[in-house]
Amino acid sequence: MNHCILGIETSCDETAASVYTTEEGVLSNEIFSQIALHTPFGGVVPEIASRSHLEKIAPIVASALDKAQKTLDDITAIAVTSTPGLPGSLLVGLSFAKGLGWASHKKLIGINHLEGHIFSACIENSIPFPFICITASGGHTALYLVHDYGNYTLLGQTLDDAAGEAFDKIAKLLNFPYPGGPVIEKLAQAAAFEDYFRYPRPLPHSLNFSFSGLKTAVLYDLVKQGAYDLTHKLFLRNDDITFKQQVASSLLVCVADCFEQKLSLVFKEHAIQAVAFVGGVACNNYIKKRLEAFCSQNQKKFFSPSPAYCTDNGAMIAFVGHYKAQQEMWSDYTLDIAS
Ligand code: KG4
Ligand code: ZN
């Protein structure tokens with residue numbers, strides 16, 4: 001059966017909505033990013049996030065319908081992120097979806113945000129199953145074996161911080177604003193993606209990651225090099241751009257090595273033909289190129305979504321909602337959030 005799905009995503013600091021149809025795919029993908037609101041605080045402030053979602057949710061949904069040239073009458077079901085995420089943020093999206101859906105007699109589909117990220121890789125590409133998916137963002141970093149739509153197994157995940165979180169925290173150590181990932185990439189490019197300081201690659205024989213350990217290793221290396229005062233929490237080489245570029249470059253090479261190391265272990269254990277790299281960190285061109293080259297050496301296909309589908313977005317929620325609608329996997333209106 002043909003469907004026209006309205007997807008709503010508010011799990012963290014992006015208010016997003018999208019319309020996806022069986023015949024035409026993604027018709028709109030609207031987003032309000034709260035980054036500017038959180039930058040002064042060096043990270044996402046949950047209370048600010050939920051208040052901003054409250055202000056933006058109605059206009060963003062209206063804009064997604066407008067851009068898609070659809071009205072509420074055309075929508076066959078509303079898909080909304082219900083887990084995991086910041087409770088206050090999730091509540092705004094889910095309550096809005098329920099209110100709108102109840103009043104207009106629509107089916108409701110609760111979506112797992114991580115399932116959204118995993119299948120964001122399939123919006124633009126037809127990827128042969130089973131494939132390996134690396135999801136890496138500010139809130140999560142994990143490795144999945146993806147068997148089919150909606151059917152996936154967790155192979156490994158971070159034991160502490162997410163990869164994006166490591167970029168954000170280390171950028172903060174170097175006095176750069178949130179989010180750190182794009183800044184680190186720019187600095188690293190200027191240092192030619194060379195590995196100056198050889199930071200440790202944690203858990204080399206496991207499919208799990210540890211990025212908190214990496215952040216600590218970078219911090220102690222800065223202290224050792226006389227670049228950081230631990231007592232006063234002060235970075236001491238703020239005017240030394242070359243040094244900052246070298247730190248960023250070494251960090252990026254290290255993180256790319258960590259991902260490559262996991263793939264190398266996975267390739268020995270699982271007969272797969274393809275790898276997908278998704279989430280906010282997949283906006284990083286250096287890591288993308290490294291993984292693409294590694295996959296090519298190992299005769300695997302490599303896929304990564306366009307940046308608009310890497311960071312949190314409504315299209316990935318509408319896309320997952322669409323295949324769930326085709327399987328008639330509706331949620332009950334008693335659906336609640338789970339953080
Ligand atoms: O997926 P996303 O928008 O939100 C979460 O679900 O967390 O990811 C945001 C994360 C941030 O930690 C940010 O620093 C990182 O993605 N990021 C990057 C780049 N662009 C964003 N990390 C590395 N390189 C980038 N170019
Ligand atoms: Zn996310």
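Is Cys12 buried, exposed or partly exposed? Cys12 is partly exposed, because its relative accessible area is 24% (buried means under 20%, exposed over 50%, partly exposed in between, with a 1.4 Å probe and protein chains only).

## About the model

This is a predicted model, in which local features need pLDDT of at least 70 and side-chain atom pairs count only at pLDDT 80 or more, while totals for chains, interfaces and linings use all residues. Residues are numbered from 1 along each chain as its sequence is written, chains are lettered from A and ligands numbered from 1 in the order in which they are written, and side-chain values use heavy atoms, leaving out hydrogens and water.

## The cysteines

Let us stay with the cysteines for a moment. The disulfide count comes to zero, a disulfide being a pair of cysteine sulfur atoms within 2.5 Å. For Cys12, the nearest cysteine sulfur belongs to Cys283 and is 14 Å away. Cys133 is in no disulfide either; the sulfur of Cys122, the nearest one, is 8.1 Å away. Cys133 is buried, with a relative accessible area of 0%.

## The sheet

Cys133 takes us to the sheet, where five strands are arranged in the order S8-S7-S6-S11-S12, open and with mixed pairing. Here strands (E, at least two residues) and helices (H or I, at least four residues) are DSSP runs numbered from the N terminus, and two strands pair if DSSP finds at least two bridges between them. S8 (151–157) and S12 (301–303) are the edge strands; each has a single partner, so one side of each is left without a neighbour in the sheet. From one strand to the next, the twist averages 20°.

S6 has six of its six residues buried. Phe131, Cys133 and Thr135 cover one side, with Ile132, Ile134 and Ala136 on the other. A hairpin through four residues leads from S6 to S7, and these two strands run antiparallel, joined by six bridges. Across that pairing, Cys133 stands opposite Tyr144. With S11, S6 pairs in the parallel sense over five bridges, and Ile132 has Val275 as its bridge partner there. S7 (residues 141–148) and S8 are antiparallel too, with six bridges; Leu143 faces Gly156 in S8.

## Helices against the sheet

Helix H4 (residues 113–120) packs on the sheet and touches S6, S7, S8 and S11, its direction making about 70° with that of S7. Contact means heavy atoms within 4.5 Å; axes are lines fitted to C-alpha atoms, for helices over the stretch in contact, with angles from 0 to 180 degrees between N-to-C directions. Helix H9 (residues 285–297) lies across S6, S11 and S12, and runs at about 160° to S12.

## The zinc site

The zinc ion (ligand 2) has His113 (NE2), His117 (NE2) and Asp312 (OD) as its protein donors, lying 2.1 Å from it. Donors are N, O and S atoms within 2.8 Å of the metal (3.2 Å for Na, K and Ca), and since water is not among the atoms, sites may look incomplete. Along the chain, the donors follow the spacing H-x3-H-x194-D. His113 lies in helix H4 and Asp312 in the loop between H10 (307–310) and H11 (314–326), so the pair ties together parts that are 199 residues apart in sequence.

The four donor atoms subtend angles of 88 to 137°, which makes the arrangement irregular. Four donors count as tetrahedral if all angles lie between 85 and 135 degrees; four count as square planar and six as octahedral if opposite donors are over 155 degrees apart and all others between 65 and 115; anything else is irregular. His113 counts as buried at 2% relative accessibility, and Asp312 is buried at 11%.
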